[in-house]
Every structure is written in C-alpha cells, then in structure tokens.
Amino acid sequence: MASSSPSSSSSSMEKINFRTKVLSRHLNHDPTGNKPFLQSSPCLSYAPPELSEPTSFFDVKLMRKLMDGHNIEDRDWLYNLIVQSKLFNPQEKGGKIFVLPDYNQSMEQQREMTMKRIEYLLDNGVFQGWLTRKGPEAELRKFAFLDVVGIFDHSLAIKIGVHFFLWGGAIQFFGTKRHHDKWLKDTEDYAVKGCFSMTELGHGSNVRGIETITTYDSNTREFIINTPCESAQKYWIGGAANHATHTIVFSQLNINGRNQGVHAFIAQIRDANGNICPNIRIADCGHKIGLNGVDNGRLWFDNVRIPRENLLNSVADVSPDGQYLSAIKDPDQRFAAFLAPLTSGRVTIAVSAIYQSKIGLAIAIRYSLTRRAFSVTSSGPEVLLLDYPSHQRRLLPLLAKTYAMSFAANYLKTLYVKRAPALIKTIHIVSSGFKAALTWHNMRTLQECREACGGQGMKTENRVGHLKGEYDVQSTFEGDNNVLMQQVSKALLAEYVVAKKRNKPFEGLGLEHMNKPSPVIPSQLTSTVMRSIDFEHDMLCLRERDLLNRFASEISQRQAQGESKEHAFVMSYQLAEDLGRAFSDRAIFQTFVDAETIVTDATLKSILGLLRSMYALVTLEEDSAFLRYGFLSVDNAAAVRKEVAKLCGELRPHALSLVSSFGIPDAFLSPIAFNWLETNSWSSVQH
C-alpha cells in the first residue's frame, strides 16, 4: 500500500483536532465564553394555531358560504348525523374525536360497512326525494349531501353515486313514464339496488365500440342480451360483485340484421334473496389501490331475455312487431342524445376532487402552523414550517388554485341543475374540461400535501397519503382526462369552423373574446399590472385564442395534404391537449372573477383578489406555452415568478383563516391537523 503524503496526513490531523474541539464544546461550556454549538432546550409543546396566528382579517363564515355555495345548514346537519353514529368508526386521538373508515378491515368487511352506512343514511331520511323530487333546489340538496358523504369516504360516495346518479339517472333521463313509475320510488327506497353496465373489458372511453349485442324476438316480445366474446364482458361495474339486484346494460341493438347503435336496457341480475339470476355470470374485479368499499364486478350475459318494456325508450323504441322507431334519424345525433345525461357523473367527480384538495390542504397547512424544523440562528428557536418561503411556495399556490376551482365546481353544479336542451353542448364541454382539470389538480395537491407532512403523511389515520390511492381513479373513470381534453378541443374547433364559414361572431363557451382584437401585453410587467383582472384575463384569452388558431391551421394543413380529418386530429394531439387546458384555465378564471364580482364585503373582496392573482400568475408560470409561443418574454416570465413569491408572503398570515373557511369539521380532518404530540404520546399507546 502506498504511504500517505505529508500534506494529506496534516489534513487528517486538522480534521481530527476540529472534531475533538466540537465534541468538547458539546460536552463542556466553551472556556472562551462563546455560546455552545448545541444548547439544551425544553421539550416541544403543542399550541393550537388559533392562539398564535393573527385574528382573521375577513369573515370566515361568509367565506365558507361563498365556497360551499349552497345548502350550508343541510351539510352541517349531515356532518352531525355521521359523527353521532358508531357506524362511522369514531376514534379518539389527541383529545379529539375523528371519523374515518377502518382501512385495516378486509375488502369484504369494508363492502359490508359501506352498505350498513347506506342503510343508516336511508333510515335517517338522507335520500328522501333524491329521485322523486324535481327542480334545482332538490338537486342542489342532493349534491350537498353527496359532498359531505365524499368527505367522509370515497367508497360510500361512489356506491351511492352509482345507485342514484347512474342507475337512477339513466332511468330518469333515458326512460319514460312507465319506467319512472315502476323504478324511481323503489330505487330511492333501496327496494332495488342498481348498477350501471357500460364499460367493458375491451372498451372504456370508446362507448360506441362496445361489443355486447341485443336482439329482439317479436314472437315473445323480448329482447335478448348476449356477451359474444370475453372482451365484451362488463367490467368495473360498481355494485355488481355483491349487492346490486338490477343493472342498466349498454349494448349494441341489432334489429332485423341492422345495427342501430348503442341503447340502454334494464336487466335483473339477482333476486330479492341475493341469488344470481339464470344466464347471468358475475365475477369480482378484486382488490384495488383504493375504493375497496365498492364491490366492482364483471358481468356476462348468456342470451338473457328481458321484457320489451325494459328498453329505456326516451330516444328510440322498438314496436311489438319489431320495428325500430326514433325521431332522431342521424345515428351520431342519436348516440349523442344517449350520452348527454351522463354528464352528472363528471360533475360529481369534479366537485368531489376539490373537496379532497380542501381536506389535504387543511391538514397540511394546520400541521405546518404547529410543526417546527431547524433554526436560522445558532441559538434561536426552530422555525414553523409555513414560515419558510419554500414551504409557502409549495402549498399556498395550490390553496389559491383550490379556491378558484371551488368556484368552478359551484358554477358547474349550477349549470347542470339549470340544464335545458340549449345548454347540453355547453354542459358537455365545460364538464369535460373541468373534470380533467380539477381531478389532475387534486392528485397533484394530495401528493404535495403528503410530502409537506413528512413521515406523518404516510400514516393512514392522517388521511392525506391514503386519499391519493382513493382518488387516483378519478383521472380515468367517467372519461380519461386526456381524452376529455381532446374532446374539448374538438368542440372548440367545431365552433371555430362554423364562425369562420358563416362569417359570424363567436358566441357561447366564453369564446366571445375571439371577436375582439388580440390583447396587447405590456413589454414590462409591474406588480400593479400583474394583479389586475384585465391583464390576467388578457393573458389567458391570448393563449386560448392563439392555440385555437394554431390548432385549426394545423388541422387544415394536414387535410390539404390528403389526411382525413380524424387522422389530422389524432396527429395534432399536442396542440389539442394544450388547447383543452387553455380553455379550462380561462373558464375557471372567469368563474373566480364572477364570484369575486358579487362580493360586497371589502375584506373578503381584498383576500379574494390576492387568491385570484395567485391562481392566474401560477397558471402563467406553470404552462410552458406562454414562453413557447412568445406570450411572455423571458424577463416577464421572471417577473411573474417573483410576483408569485410575493403573493405567498402576503397570503401567509391568512393561511389558517383560508383553510378554516372550507367549513370541514375537525372530526373529518386528521390528528396531525391538531395535537399531534398528544396523539403520539406514550399515554395514547397505553390507552
């Protein structure tokens, strides 16, 4: 072995001497009189953030009313109803009661608990009028109750949603009076338990391609439903594995050798005793990364016969002698009419995603207002997590986005409950864009909140980490998000083509800005400019306008080169997805501005202005399209980034009030949002 050089030996001795001095100072007082590197300190203690944080600058109750939007008293009634029952697994942690499903239970146990909870809610009148009362007020009450249920447990919300919104909704919208009279009251009372068989093993988003086949026997006046191949098995059918007695079957309808497209039928799959009906095969989809309280199943139909009256016939019918009847002759329009009522699923998913973001942020921000780490001076106290600018930068932009998307969710609900034939297209496009934007935001928010909670974020009882698995599915069910964004772009392109061909102004979907001259963006951005509604609106409109023009131009060029419209669209997917996001961001911003405009309270208006600017500027910062297409110069992009950091500092004193305004009761949050020291104390282990 080669010997060490004198210089390396000297260096080693210096390091040894330094370490010796450090250890000596740790163990003894420094004889020079300097303060020791490490000082003993009293044990950490917990104090509620309400004691140390500034008094709320604005009226929290007023903000909560603005955020929830409707049925505040109904929500609070249901929160209390849930907390009162042992069925919702109340647990004492750190001197507080929390309700949370027991995820240590087996899949089978979780499913049975879901049904017991449904029975409890049913017995207490929660579902009264969900299918038998009409009008916006009844529907908003239903939405409010589903919001609360989802805050407790995703499985419970999905199980209820499938039964009422999918099975019940299909009967409401696809059926006629004979179906309403026979099925709606029994569905509301859970005398029948419904599920919704659309998705197949081989076809999910492409509903038009499903392979289940239904034919008609005019001799017996029955339809015959058949699963012709394995890829046609109905898959991921919520409720099918254990509990459902009936299902809506989506199937190709073949009449006299001619395929009339996708139609919906009612089929019984179990009798009143839970026995599977003849010619029906059912299998379990198995354990999942979340939603194990929902019994997802697979279905095969072996020439199952159902009465002619079980065709849901609001769009098309078959006469007793086997003649196909429909007032809508165009197959494309008929298919669109079948799918139009299904937007309720996208509405409820988008709304529930934002409530989960609220849960994650309320927990992570409350924790960051009591948890300390490191000190910035040798003898100073450790610093609260949320007092670090980097921690503010992680959570507060997401908080602003959640506020913006909460207003978007409220707008979407209002649009849906006031639906009319003239609004069907708008509801489809807006619900598609918002569902994608809000569910993507939720997954990103939950991940950031989980990381911001450190190791405590890994504990199931602290909710945030577990919610990621529970809500991951939202990115793909009721429409894959990427596909939905492409649908939005395709619809915008259709509006563009019509406006240009007819030489008429754009109207609807918020595209009226296309009729005005292109906005001019200042060469230098000041704080005042960046925080103005006009600048923020102009930037979001400029991106949408430019991307729509580029998208239309690229499609046109490809078609001129001989490509089909469909192939041109597929090959232009990058612009399509960018445009879908641009539309959604601008539409969300507009709902924020609309909500802000109606507020008269000055303090509320002031804090909303900060949140709105944060949402807009973070959107500019995060989307590279603003730089890629020259909407922002490099210098202006840097200015936007600095302004976001300034806004974080200005929002920091309001963080507790802003999450308190979510109105989510303490019992529905988690132990680390409160006294995490007592929760983890030895006495709690003994208890």
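Which residues does the UniProt annotation "domain: Acyl-CoA oxidase C-terminal" cover? I looked it up: the unreviewed entry gives 545-669, in the numbering used here, and such annotations may be inferred rather than shown by experiment.

Ground rules first. I'm on a predicted model, where local features need pLDDT of at least 70, side-chain atom pairs count only at pLDDT 80 or more, and totals for chains, interfaces and linings use all residues. Numbering runs from 1 along each chain as its sequence is written, and side-chain values use heavy atoms, with hydrogens and water left out.

I checked secondary structure over 545-669 and got 78% helix and 0% strand (DSSP runs: helices H or I, at least four residues; strands E, at least two).

Next, the domain split (bounds from an automatic or database assignment): domain 1 is 71-174, domain 2 is 190-338, and domain 3 is 341-372 + 381-502 + 528-668.

I then turned to domain 1 against domain 2, where 23 residues of the former and 31 of the latter are in contact (heavy atoms within 4.5 Å). About 2300 Å² is buried between them, counted as accessible area (1.4 Å probe) lost on being put together, summed over both parts. Arg111, Trp167 and Phe174 supply 38% of what domain 1 buries there.

I found two salt bridges between these domains (Lys or Arg side-chain nitrogen within 4 Å of an Asp or Glu carboxyl oxygen). Separately, I noted that Lys159 bridges to Asp295, with the closest N and O atoms 2.3 Å apart.

Which helix gives the most to the side of domain 1 that touches domain 2? H7, with 14 residues; it spans 154-174.

Definitions and conventions
Buried area is the accessible area (1.4 Å probe) that two parts lose on being put together, summed over both.
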